[in-house]
Amino acid sequence: MDGILEPVLRELARDARLTAAQIAATLGEDEQAVADAMREGEERDIILGHGAKINWETLGLSTVYAVVEVTVEPQENVGYNAVARRIARFDEVQTVYFVSGAYDLLVMIAADNMRGISDFVGERLATMSGVKGTTTRVLMRRYKEDGVYIDSDLQNDRQKVVF
C-alpha cells in the first residue's frame, strides 16, 4: 500500500477536494486502491485534516496575523515540549514550530484585530510559566501561504523559472 500512499497524499496536499476517482485518473491507478490509500492515511493519522485557504479580505472580514518568536526556559525531562504543547492549545494559535537560532519557538497567531493580538501576547503568552521572552511581528500582507496564492494578482503573474 505504501507504494501508492505517497503519490495519493501529494495529490491531496495539492487539492483536498479531489475524489479518489480524480486522483486515480491523474496517477493512472485503480480507484479502489486510491480510496484504500486515503482511508489508510486517515486511520494512521497521516491525514490530519482537510481545509480550504480562504481570503477573508475579499469578503471584507479582515484578520490580523502575527508571528511571535518565543524564548523558553526548558523544563526538566520534557525540554521545550510542555511549553510548546500548552501554547498550541490556544485558539489564537495557528502554528507552533520548535526552531534553531536566537529563539526557541515560532508561533503564528491570528485575531480579529490588533487588540486581540496585543491581549493574547501580553496577557496570556508572555506570562506563561516557562516563557522567558517574546518578540512579535505583525504580518502586513499575505501573498502566498502553504503554496496557495492569496494575492490574486500574483496568481496571474507567475515568474518563469529559467536555468
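Okay, let's start on the surface: Ile54, Trp56, Leu59 and Leu61 make up a nonpolar patch there, and together they have about 380 Å² of accessible area. Keep in mind that this is a predicted model. Take isoleucine 54 from that patch: it sits in the loop between helix H3 (31-43) and S1. With 35% relative accessibility, isoleucine 54 counts as partly exposed.

From that loop we get to S1, so to speak, and its sheet. How are the four strands ordered? The order is S2-S3-S1-S4, in an open sheet with antiparallel pairing. At the edges you find strand S2 (93-98) and strand S4 (131-138), each pairing on one side only. On average, neighbouring strands are turned by 20 degrees against each other, ignoring direction.

Further in, strand S1 (residues 64-72) and strand S3 (residues 105-111) run antiparallel and are joined by seven bridges. Valine 67, for example, is opposite methionine 108 in S3. Then there's helix H4 (residues 81-88), packing on the sheet and touching S1, S2, S3 and S4. The direction of H4 makes about 165 degrees with that of S2.

Now, salt bridges: the count is 12. One of them pairs arginine 14 with glutamate 11, with the closest N and O atoms 2.6 Å apart. These two are three residues apart in helix H1 (residues 2-14), so about one helical turn separates them. Is each partner buried or exposed? Arginine 14 is exposed at 55% relative accessibility, while glutamate 11 is buried at 13%.

Another salt bridge joins arginine 124 and glutamate 92, at 2.1 Å from N to O. That pair links distant parts of the chain: arginine 124 is in helix H5 (residues 114-125), and glutamate 92, 32 residues apart from it, is in the loop between H4 and S2.

Notes
Residues are numbered from 1 along each chain as its sequence is written. This is a predicted model: local features need pLDDT of at least 70, side-chain atom pairs count only at pLDDT 80 or more; totals for chains, interfaces and linings use all residues. Side-chain values use heavy atoms; hydrogens and water are left out. Two strands pair if DSSP finds at least two bridges between them. Axes are lines fitted to C-alpha atoms, for helices over the stretch in contact, and angles run from 0 to 180 degrees between N-to-C directions. Contact means heavy atoms within 4.5 Å. Patches are made of residues with over 30% relative accessible area and no salt bridge: like charges are joined within 9 Å, nonpolar side chains (Val, Leu, Ile, Met, Phe, Trp, Tyr) within 5 Å. Accessible areas come from the Shrake-Rupley method with a 1.4 Å probe; for residues, only the protein chains shown count as cover. A salt bridge is a side-chain nitrogen of Lys or Arg within 4 Å of a carboxyl oxygen of Asp or Glu. Buried means under 20% relative accessible area, exposed over 50%, partly exposed in between (1.4 Å probe, protein chains only).
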